[in-house]
Every structure is written in structure tokens, then in C-alpha cells.
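User: I am new to this structure. Please teach me to read its features one at a time.

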Amino acid sequence: MQLFISDLHLLDSRPNVTQAFLRFLDTTAQNAESLYILGDFFDVWVGDDNGVEEYAEITQALADYSAQGHNVFLMHGNRDFTVGDDFAKQANVTMIPDPHVIEINAEPTLLMHGDSLCTADVEYMEFRKMVRDPQWQQAMLQKPLAERKALGQHIRATSDSKNSLKAANIMDVTPEEVIRVMTEASTLRLIHGHTHRPARHPLEINDQTAERIVLGDWHNKGWYLIADEKGLNLESFDI
């Protein structure tokens with residue numbers, strides 16, 4: 001069994017979500033061979049030197065879960081794009097690129113965070129290009145911790161403010177981009193998060209039936225996709 005989650009946006013000021021995730025590891029996730037976290041696991045991450053300590057409970061819980069024989073895979077999101085090797089080592093998780101192809105029930109499946117699909121949001125795409133640049137990240141991580149924290153809070157506040165003014169369709173995926181990336185990856189199934197709009201969307205690619213599955217964010221509900229021999233099911237629970 002494989003499980004897929006995204007957009008928990010873990011933050012000290014939201015302890016209910018942290019506790020919901022810890023319960024999830026101890027219950028639903030116990031039956032999974034692999035757990036895939038498709039970005040924005042953390043709401044803000046300004047470097048492993050701060051994050052590993054600040055989220056010590058989460059780091060240890062993931063390490064313990066992995067030690068029980070489960071595989072944990074983590075993808076960067078638009079909020080936690082500087083999660084690095086130190087965290088991965090201490091939490092015993094495997095970092096995966098965005099995009100990434102795996103097999104689910106012998107069918108190639110494309111995994112993404114989803115922000116790169118929102119090409120109509122030109123302003124955000126320019127910002128994404130900047131912050132995903134390795135040189136920009138290296139320069140940012142070399143700044144004093146206090147400065148990085150201030151920058152992280154500024155980016156978060158600016159993003160929330162600008163998003164509140166944008167039309168909903170601009171912040172959703174561009175259908176043509178979805179078809180393009182799925183065609184390029186030679187897949188008929190895509191799983192992603194980011195948009196906070198959990199749903200299953202039927203598609204047609206080159207006269208073949210396809211599907212885009214969107215994971216939900218963890219706010220009032222926790223969302224996860226379960227894949228087993230019975231098929232795929234998008235599930236939720238109250239937080």
C-alpha cells in the first residue's frame with residue numbers, strides 16, 4: 001500500500017495539524033509500505049540548521065516511522081523548498097525531485113507538487129524561478145538565521161496577501177500545461193497538491209483515458225490518497 005499527502009503546512013502556531021499528522025503515522029500509515037509527501041510539508045523552512053531543531057518532534061517521528069520498515073519520500077513545495085540533506089538524514093526520508101515518476105499497480109504515475117502547473121500566474125512563476133535557483137538558495141542559506149527568519153516571514157506574508165487578490169482560476173493549474181507534462185513524462189496519471197482543491201479529474205490524452213488527482217491541504221480536514229490492490233481512493237478525516 002502507498003499513501004500520498006501534501007500541503008500540511010506544519011507550523012508551531014498550528015499544533016492541531018502536527019498532532020493530526022503524528023496520529024496519522026501511528027494509525028492509517030502503519031499499513032503503508034511507502035508514504036509520499038508531495039511538498040509544503042512545512043509552512044516555512046529557512047534552513048536545516050533551524051528547522052531540524054524547531055520541528056524536532058516531527059523529525060523524530062519520521063525517523064521512528066522509517067525505522068519500523070516504512071519508506072518515506074519527500075518532495076519540495078513552494079513553502080519548504082530549502083529542506084536539505086541534514087533534515088533528510090536525521091528524519092530518515094528520501095528526497096525526490098519535482099516532477100518524479102513512480103509505478104502504482106504497474107501504471108507509470110507522475111508526482112508533482114503542482115505549483116509549476118499554474119502558469120497563468122505569471123508573477124508567481126517569475127518568483128518560483130528565482131527561489132528555485134540553486135545560487136539564490138545558497139546565498140540565502142548563508143545569511144544569518146535572524147535575517148533568514150525575517151525573509152521567510154516576509155515571503156509568506158507577501159504570498160498570502162497577493163493570493164487574496166488573485167482570481168481563483170489564475171492560481172489553479174493550466175490545463176494545457178497538465179497535458180504537456182503528462183505527455184512528456186509518458187504517463188496517464190498525475191498526482192499533485194498545491195492548489196488545495198482535492199478532487200479527481202478525468203482527462204483524455206492522445207485519445208487515451210487519463211486522470212489528474214489533486215491532494216487536499218490539512219486545515220480543518222486531513223487529506224490523503226491511498227493506493228492498494230483495490231485501486232486508488234482519495235480520503236479525508238476531521239482535524
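User: With which side chain does the side chain of N50 make a polar contact?

Analyst: This is a predicted model. The side chain of N50 makes a polar contact with the side chain of E54, at 2.8 Å.

User: Where does N50 lie, and is N50 buried or exposed?

Analyst: N50 lies in helix 2. Its relative accessible area is 12%. Buried means under 20%, so N50 is buried.

User: Leaving aside neighbours within four places in sequence, which residues is N50 in contact with?

Analyst: N50 is in contact with L145 and K149.

User: Now helix 3. How far apart are the end C-alpha atoms of helix 3?

Analyst: Start from the expected value. At 1.5 Å a residue, the twelve residues of helix 3, 56–67, should span 16 Å. The end C-alpha atoms are 16 Å apart, which agrees.

User: Which residues of helix 3 are buried, and what do they pack against?

Analyst: The buried ones are I58, T59, A61, L62, A63, Y65 and S66. They pack against three helices and two strands: helix 1 (15–26), helix 2 (48–54), helix 4 (85–91), strand 2 (34–38) and strand 3 (71–75).

User: Which residue with a positive phi follows helix 3?

Analyst: That is G69, with phi near 110 degrees.

User: How is a pair of aromatic rings described?

Analyst: Use the distance of the centres and the angle of the planes. In this model the count comes to 17 aromatic pairs. Take F21 and F41. Their ring centres are 5.1 Å apart and their planes are at 75 degrees, so this pair is edge-to-face.

User: Which parts does the pair of F21 and F41 tie together?

Analyst: F21 lies in helix 1, and F41 lies in the loop between strand 2 and helix 2. The pair therefore ties together parts that are 20 residues apart in sequence. F21 is buried, at 0% relative accessible area. F41 is buried too, at 0%.

User: What kind of aromatic pair do F81 and W136 form?

Analyst: F81 and W136 form a tilted pair, 6.2 Å centre to centre, with 55 degrees between the planes. F81 lies in the loop between strand 3 and helix 4, and W136 lies in helix 6 (residues 134–141), so the pair ties together parts 55 residues apart in sequence. F81 counts as buried at 8% relative accessibility. W136 counts as partly exposed at 22%.

User: Which residues form one aromatic cluster with F21?

Analyst: The cluster joins F21 with F24, F41, F42, W45, Y55, F87, W218, Y224 and F237.

Note on methods:
Residues numbered from 1 in each chain as written. Predicted model: local features only at pLDDT ≥ 70, side-chain atom pairs only at ≥ 80, totals over all residues. Heavy atoms only, no water. Helix = DSSP H or I, 4+ residues; strand = E, 2+ residues; numbered from the N terminus. Expected span 1.5 Å × (residues − 1). Buried < 20%, exposed > 50% of the residue type's maximum accessible area, 1.4 Å probe, protein only. Contact = heavy atoms within 4.5 Å. Polar contact = N/O pair within 3.5 Å; in protein donor to acceptor, adjacent residues only side chain to side chain. Phe/Tyr/Trp six-rings, centres within 6.5 Å; stacked < 30°, edge-to-face > 60°.
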